[in-house]
Amino acid sequence: MDDALPEVRYARSGEVEIAYQVLGSGEIDLVFVMGWLTNLEVYWEEPSYRRFMQRLAGFTRLILFDKRGMGLSDRTTIGTLEERMDDVRAVMDAVGSERAVLMGVSEGAPMSLLFAASHPERTAALIFCGGEVKEIRTDDWPLGQSTVEEYEEAMESILSGERPWGRPTRVHLAPSREHDPAAIEWFGRLQRSAASPAAAVAFMRLGSQIDVRHVVPSVHVPTLVLHSPGDPIVPFAQGKWLAEQIPGARFVELAGTDHVPWFDVADEVITEIREFLTGFREPSEPDQVLATVLFTDIVESTDRAREMGDREWRDLLEKHHATVRDVLARYRGREIDTAGDGFFAAFDGPARGIRCAQAVLEALERLGLSARSGLHTGECEVVGDKLAGIAVHTGARVAALAGAGEVFVSQTVRDLVAGSGLEFEDRGLHELKGLEEPRRLFAVRSTGPTAGRS
């Protein structure tokens with residue numbers, strides 16, 4: 001395979017153009033999900049990276065892309081984790097990939113995890129190298145990289161110029177090359193071409209808010225976790241935790257110190273990936289899927305029906321059903337069930353589910369109906385065209401606690417929508433009937449009209 005730069009093409013994801021490259025012609029599609037700092041062209045200038053990708057493409061069809069807001073992709077928005085997951089799907093659609101292996105490096109791991117849990121039918125397997133789950137170290141997560149205060153101090157040093165951005169700089173991602181003159185010059189160029197200082201900080205701050213611990217146990221595809229004990233970015237213990245939480249995952253301790261896989265551990269990583277991809281079994285049709293469930297119902301519907309009479313109430317309910325279905329279609333929600341004056345729907349992303357819930361309440365208010373809704377994200381059992389299980393039960397209980405005109409969400413939902421602009425009010429811990437432990441619930445703050453957002 002020659003060293004020529006693979007052709008850069010674009011896939012449309014909503015209103016955003018995502019830059020991607022394809023190389024190799026293997027039977028297995030491998031989508032390489034990079035960390036936050038990327039530029040497809042500048043990365044190709046680094047010899048070790050280029051050789052690593054060419055070797056991967058020797059036994060796969062390798063798919064590379066720049067995340068929205070970064071590198072050669074549109075820089076109008078950095079996007080949420082949910083939107084970035086949609087970008088992966090858009091690139092796969094553009095290249096005609098029905099099912100692919102996703103390899104998440106560093107901050108690429110959360111997106112890969114969410115995609116695999118939400119779309120198991122399109123995920124053949126997962127590979128992680130230096131993959132993170134939650135960056136910030138807290139009392140309930142001692143495996144994080146740094147505290148909030150330490151993180152913000154680092155961000156301010158970039159914005160103030162104390163830590164120069166885009167100049168030849170130490171390759172902190174790879175201790176094996178951190179003092180190599182050619183690598184230092186290349187890394188500065190990569191920073192300049194990937195993002196401005198302010199955009200880079202915005203990316204990193206969004207990354208610091210991501211927490212996918214609740215998603216990890218919902219992954220049910222063959223998984224390989226690779227991690228170096230001397231990783232300078234993501235603690236080794238975090239990689240071990242990730243492997244322990246995914247049923248059947250294989251963990252490999254790499255014999256190196258770098259965070260990225262194409263320098264000191266390249267040979268070992270290629271060997272492990274080749275063995276993994278030739279040895280894993282194709283999963284059967286998924287019987288579990290990560291989904292955001294939405295429940296809506298009309299407040300005090302019995303009293304309203306008694307006041308109106310059967311015929312008028314039936315007419316109003318027909319308008320109610322048509323209105324809710326119209327909003328669901330606009331936000332790519334899937335109707336699961338309808339009972340009386342309530343709807344049960346599912347989404348593959350929580351932010352879209354929340355905005356749909358807000359739009360439903362606003363649309364019903366225009367019909368003169370007061371409604372409430374609740375959302376929860378969790379692992380659901382797939383039963384034909386229906387969804388069942390504890391996550392569904394939890395979503396129904398969350399909705400039941402909301403008041404008129406309110407959208408309630410579980411903490412899991414709140415944690416997954418970092419960067420979405422959605423704001424919440426903490427409504428405290430609640431005992432939910434049928435669940436062993438109390439759950440912390442949040443009310444979504446109204447942000448004005450939502451119709452048309454998707």
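**Figure 1. Glycine 374, a buried residue in strand E12 of the predicted model**. Relative accessibility at glycine 374 is 0%, so the residue counts as buried. Its strand, E12, covers residues 371–383. Setting aside residues up to four places away in sequence, glycine 374 touches Val293, Leu294 and Phe295. Gly395, Val398, Ala399 and Phe408 are also on its contact list. Alanine 357 is 17 residues from glycine 374 in sequence. In space, the two C-alpha atoms are 7.9 Å apart.

**Figure 2. Strand E14 and its partners E12 and E16**. E14 spans residues 407–410. Val407 and Val409 point one way from the strand. Phe408 and Ser410 point the other way. All four named residues are buried. Phe408 is also one of the residues touched by glycine 374. E14 pairs with E12 in the parallel sense, over three bridges. Here, serine 373 has valine 407 as its bridge partner. E14 is also joined to strand E16 (residues 439–444) by three bridges, and this pair runs antiparallel. In E16, phenylalanine 442 stands opposite valine 409.

**Figure 3. The eight-stranded open sheet**. The strand order is E1-E2-E4-E3-E5-E6-E7-E8, with mixed pairing. E1 (9–13) and E8 stand at the edges. Each has a single partner strand, so one side of each is left without a neighbour in the sheet. Neighbouring strands are turned against each other by 25 degrees on average, direction ignored. At the E8 edge, E7 and E8 pair in the parallel sense over four bridges. Leucine 224 has arginine 250, in E8, as its bridge partner.

**Figure 4. Helix H8 and what its buried residues pack against**. H8 runs over residues 236–245. Its buried residues include Phe236, Gln238 and Gly239. Trp241, Leu242 and Ala243 are buried too. The buried residues of H8 pack against helix H4 (108–118). They also pack against three strands: E6 (123–129), E7 (223–227) and E8 (250–253).

**Figure 5. The largest nonpolar core, with isoleucine 273**. Nonpolar side chains tend to be buried together in soluble globular proteins. The largest such core in this model has 59 residues. Phe32, Leu56, Ile127 and Ile273 have the most contacts inside it. Helix H9 (residues 266–279) gives the most to this core, with six residues. Isoleucine 273 is in contact with Leu56, Phe59 and Met103, leaving aside neighbours within four places in sequence. Its contacts also include Ile127, Leu224 and Leu226. Another core, of 41 residues, lies apart from the largest one. Val31, Leu81, Val95 and Trp141 are among its members.

**Figure 6. Packing of helices H5 and H7**. H5 covers residues 148–160, and H7 covers residues 197–209. Their axes are 9 Å apart and meet at an angle of about 170 degrees. H5 and H7 are therefore roughly antiparallel to each other. On the H5 side, the contact is made by Tyr151, Glu152, Met155, Glu156, Ile158 and Leu159. On the H7 side, Pro197, Ala198, Val201, Met204, Arg205 and Ser208 take part.

**Figure 7. Histidine 321 in helix H11**. H11 spans residues 310–330. Histidine 321 has 16% relative accessibility and so counts as buried; the cut-off is under 20%. Not counting residues up to four places away in sequence, histidine 321 touches Thr338, Gly340 and Phe343.

**Figure 8. Two loop residues with positive phi: glutamate 300 and arginine 332**. Glutamate 300 has a phi of about 55 degrees although it is not a glycine. This residue lies in the loop between strand E9 (288–298) and H10. At 59% relative accessibility, glutamate 300 counts as exposed. Arginine 332, also not a glycine, has a positive phi of about 60 degrees. Its loop runs between H11 and strand E10 (334–339). At 46% relative accessibility, arginine 332 counts as partly exposed.

**Figure 9. Confidence along the predicted chain**. Mean pLDDT is 91, and 96% of residues reach 70 or more. Confidence is highest in strand E4 (residues 61–65), at a mean of 98. Confidence is lowest in helix H10 (residues 301–308), at a mean of 84. Over residues 449–454 the pLDDT is below 50. Beyond near neighbours in sequence, residues 449–454 have 16 contacts in the model.

Definitions and conventions:
Residues numbered from 1 in each chain as written. Predicted model: local features only at pLDDT ≥ 70, side-chain atom pairs only at ≥ 80, totals over all residues. Heavy atoms only, no water. pLDDT = per-residue confidence, 0-100. Helix = DSSP H or I, 4+ residues; strand = E, 2+ residues; numbered from the N terminus. Contact = heavy atoms within 4.5 Å. Buried < 20%, exposed > 50% of the residue type's maximum accessible area, 1.4 Å probe, protein only. Pairing = 2+ DSSP bridges. Core = buried A, V, L, I, M, F, W, Y, C linked by side-chain atoms within 4.5 Å. Axes fitted to C-alpha atoms, helices over the stretch in contact; angles between N-to-C directions. Parallel < 35°, antiparallel > 145°, perpendicular 65-115°, else oblique.
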